[in-house]
Amino acid sequence: REAASVCQQFVQVRLGSATQPDEIRAQPVVKRVGEWVIDGKIKGPEGPLLFACLLRQGAHWELLNFSLWAPQELNSA
């Protein structure tokens, strides 16, 4: 829960608003003690955005990687 909250703060800073995610989930990284992957979906200014954070838990949370992107629609054949 704490990891998801930390990631959400990075998303909000990047978007410049305190929007709540539509979806968010946090999972521990297998064989990497103290590391978590958090991902989800949030409403952006022009449509839905996906986000992902890789965090390490220690004395404080450390951001190892962060991504925020717009999903591309698939072209139908």
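This text walks through the structure from its sheet to its helix and then to a few single residues. The model is a predicted one.

Start with the sheet. Four strands build it, and the sheet is open. Their order is E1-E2-E3-E4, and they pair in the antiparallel sense. Strand E1, residues 23-28, forms one edge, and strand E4, residues 61-69, forms the other. Each of these edge strands pairs on one side only. On average, neighbouring strands are turned by 15 degrees against each other, with direction ignored.

Now take the strand pairs. E1 pairs with strand E2, which covers residues 35-44. Six bridges link E1 and E2, and the pairing is antiparallel. One place to look is Pro28: its bridge partner in E2 is Trp36. At the other side of the order, E3 and E4 are joined by eight bridges, again in the antiparallel sense. These two strands form a hairpin, with three residues between them. Follow Gln57 across the pair and you reach Trp61 in E4, which stands opposite. As a general point, side chains in a regular strand alternate between the two faces of the sheet.

Next comes the helix. Helix H1 runs over residues 2-15 and packs on the sheet. H1 touches E1, E2, E4 and strand E3, residues 47-57. The direction of H1 makes about 50 degrees with that of E4. Does the length of H1 fall short of what its residue count predicts, or agree with it? H1 has 14 residues, so at 1.5 Å a residue it should span 20 Å. Its end C-alpha atoms are 20 Å apart, which agrees. Within the helix, the C-alpha atoms of Glu2 and Arg14 are separated by 19 Å, and these residues are 12 apart along the chain. After H1 comes Gly16, with a positive phi near 80 degrees.

Which residues of H1 are buried? They are Ala3, Ala4, Val6, Cys7, Gln8, Val11 and Gln12. What covers them includes E1, E2, E3 and E4.

Gln12 deserves a closer look. This residue lies in H1. Its relative accessibility is 19%, so Gln12 counts as buried, since the cut-off is under 20%. A polar atom of its side chain lies 3.4 Å from the backbone oxygen of Thr19. Setting aside neighbours within four places in sequence, Gln12 is in contact with Ser17, Ala18, Thr19 and Gln20.

Glu2 is another residue of H1. Its side chain makes a polar contact of 2.9 Å with the side chain of Trp61. That is the Trp61 already met in E4, opposite Gln57.

Finish with Glu35, in strand E2. Is Glu35 buried or exposed? Its relative accessibility is 7%, so Glu35 counts as buried. The side chains of Glu35 and Arg56 are joined by a polar contact of 3.4 Å. Residues up to four places away in sequence are not counted in what follows. Glu35 touches Gln27, Pro28 and Val29, and also Leu54, Leu55, Arg56 and Leu64. Pro28, in this list, is the residue whose bridge partner is Trp36.

Conventions. Residues numbered from 1 in each chain as written. Predicted model: local features only at pLDDT ≥ 70, side-chain atom pairs only at ≥ 80, totals over all residues. Heavy atoms only, no water. Pairing = 2+ DSSP bridges. Axes fitted to C-alpha atoms, helices over the stretch in contact; angles between N-to-C directions. Contact = heavy atoms within 4.5 Å. Expected span 1.5 Å × (residues − 1). Buried < 20%, exposed > 50% of the residue type's maximum accessible area, 1.4 Å probe, protein only. Polar contact = N/O pair within 3.5 Å; in protein donor to acceptor, adjacent residues only side chain to side chain.
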